[in-house]
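Reader: Please take a close look at the enclosed and open spaces of this model, and at the residues that surround them. I would like to begin with the question of cross-links between side chains, and then follow the surroundings outward.

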Amino acid sequence: MTVKIKAYSDFICPFCFLGKGPLDEIVKDKDVEVEWMPFELRPSPHAKIDPWKEPDKLNSWDSYILPAAKKLGVDMRLPRVSPHPYTHFAFEGCHFAKEHGKGNEFHNRVFTAFFQEEQNIEDIEVLTKLAGEVDLPVEAFREALVSRKYREVHQQALKHAYEEADIRAVPTFIIGDEVIQGLASKERLAQVIEKEEAKNKRNEFDGLQCDVKGNCQ
């Protein structure tokens with residue numbers, strides 16, 4: 001039985017980008033389905049994050065983020081998109097991509113565009129170009145963002161994250177009944193996934209029986 005993981009993240013969260021690596025590596029050889037879920041750290045109309053003008057955030061980058069990236073072997077940089085973009089358009093694009101069977105591919109492309117290429121992922125034209133790079137229909141994609149076709153869908157997804165799932169920080173990974181908040185190692189993810197796989201195997205046999213007529217099912 002497939003193990004399902006809900007991964008809550010925001011595109012401007014550096015630890016979310018770093019958290020993708022261990023997760024991607026551990027699931028590629030397993031029967032695991034990852035669904036990336038939206039979580040906006042600083043949604044409009046709140047002021048945008050501008051780490052280049054906030055000394056405490058620059059210090060965090062040098063003290064925690066870059067050392068973690070180097071240890072994990074991840075190429076990333078602090079994007080000089082100042083201030084950092086809102087991410088609602090990118091997430092609305094993800095909803096479009098999901099409907100076209102390219103949700104994870106588009107999600108991954110947006111992440112690398114921001115943290116490796118310093119592209120402005122709030123710009124509809126940038127997002128449309130990225131959509132084309134993962135073989136999404138670009139005109140339909142652009143129209144969906146311009147018309148805000150997925151605005152309500154995205155707002156409902158955020159409501160789920162904030163209120164129903166009670167997500168308080170990202171990245172957060174929900175694997176079965178286990179909640180992992182924050183950056184997790186490949187070993188920890190593997191341990192939780194294997195635990196869920198074992199539970200699923202037990203559940204496959206729950207309720208199997210034979211009745212008095214000799215019918216077994």
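**Cross-links, spaces and their surroundings**

Author: The structure holds 0 disulfides, and since this is a predicted model, that statement concerns the computed coordinates. A disulfide, in general terms, is a covalent bond between the sulfur atoms of two cysteines. For Cys94 the reason is one of distance, because its sulfur lies 13 Å from the closest cysteine sulfur, that of Cys16, which is too far for a bond, whereas the cut-off applied here asks for sulfur atoms within 2.5 Å. Cys94 is also buried, at 6% relative accessibility, and Cys13 is likewise buried, with a relative accessible area of 4%.

Cys94 leads directly to the enclosed space of the model, since Cys94 is among the residues that line the largest cavity. The count of cavities of 30 Å³ or more comes to 1, and the largest cavity holds about 70 Å³ of space. Its wall is formed by Trp36, Pro38, Phe91, Cys94, His95, Lys98, Gly103, Asn104 and His107, and the elements that give two or more residues to this lining are β2 (32-38), α3 and α4 (103-115). Helix α3 provides the largest share, with 4 residues. By class, the lining divides into 4 nonpolar residues, 4 polar residues and 1 charged residue.

Two of the helices around that cavity also meet helix α6 (residues 138-146), whose buried residues pack against α3, α4 and α5 (124-133). The residues of α6 that do so are Phe141, Ala144 and Leu145, the buried ones in this helix. Viewed down the axis of α6, these residues fall within an arc of 95°, so they line one face of the helix. The face turned away from that buried side carries Glu139 and Val146, which are exposed. Just after α6, the backbone at Arg148 takes a positive phi of about 60°.

Arg148 in turn belongs to the wall of an open space, the second largest pocket, which has a volume of about 180 Å³. Its lining consists of Glu40, Pro43, Ser44, His88, Glu92, Arg148, Arg151, Gln155, Leu158, Lys159 and Tyr162. Two elements, α3 (88-99) and α7 (151-164), give two or more residues to this lining, and the largest share, 5 residues, comes from α7. Sorted by class, the lining comprises 3 nonpolar, 3 polar and 5 charged residues.

Ser44, another residue of this lining, begins a peptide bond to Pro45 that is cis, with omega near 15°; Pro45 itself is found in the loop between β2 and α2. A cis peptide bond also joins Val170 and Pro171, with omega about 5°, and Pro171 lies in the loop between α7 and β3 (172-175). That loop between α7 and β3 also holds Asp166, which has a positive phi of about 55° although it is not a glycine. Asp166 counts as partly exposed, at 42% relative accessibility. A further positive phi, again about 55°, is found at Glu118, which is not a glycine and which sits in the loop between α4 and α5. Glu118 is partly exposed, with a relative accessible area of 29%.

The largest pocket remains to be described, and about 380 Å³ of space lies in it. Of its 18 lining residues, Ile12, Pro14, Ile49, Lys57 and Ile65 lie nearest its centre. The helices α1 (14-27) and α2 (55-72) each supply at least two residues of the lining, and α2 gives the largest share, 6 residues. Here the classes divide into 13 nonpolar, 2 polar and 3 charged residues.

These spaces can be placed within the chain as a whole, which has 8 helices and 4 strands and follows the pattern β-α-β-α-α-α-α-α-α-β-β-α along the sequence. Its C-alpha atoms fill a box of roughly 75 × 40 × 30 Å, taken along the principal axes, and buried residues make up 44% of the 217 residues. Among the contacts with a separation of 6 or more, 72% are between residues 24 or more positions apart.

Methods. Residues are numbered from 1 along each chain as its sequence is written. This is a predicted model: local features need pLDDT of at least 70, side-chain atom pairs count only at pLDDT 80 or more; totals for chains, interfaces and linings use all residues. Side-chain values use heavy atoms; hydrogens and water are left out. On a 1 Å grid over the protein atoms alone, a cavity is a set of points where a 1.4 Å probe fits but cannot get out, and a pocket is an open set with protein on both sides within 12 Å along at least five of seven lines; lining residues have an atom within 4 Å of a point. Grid points are joined across faces, edges and corners, and a volume is the space filled by probe spheres set on the points. Ala, Val, Leu, Ile, Met, Phe, Trp, Tyr, Cys and Pro count as nonpolar, Asp, Glu, Lys and Arg as charged, and the others, Gly among them, as polar. Buried means under 20% relative accessible area, exposed over 50%, partly exposed in between (1.4 Å probe, protein chains only). The arc is that of the directions from the helix axis to the C-beta atoms. Contact means heavy atoms within 4.5 Å.
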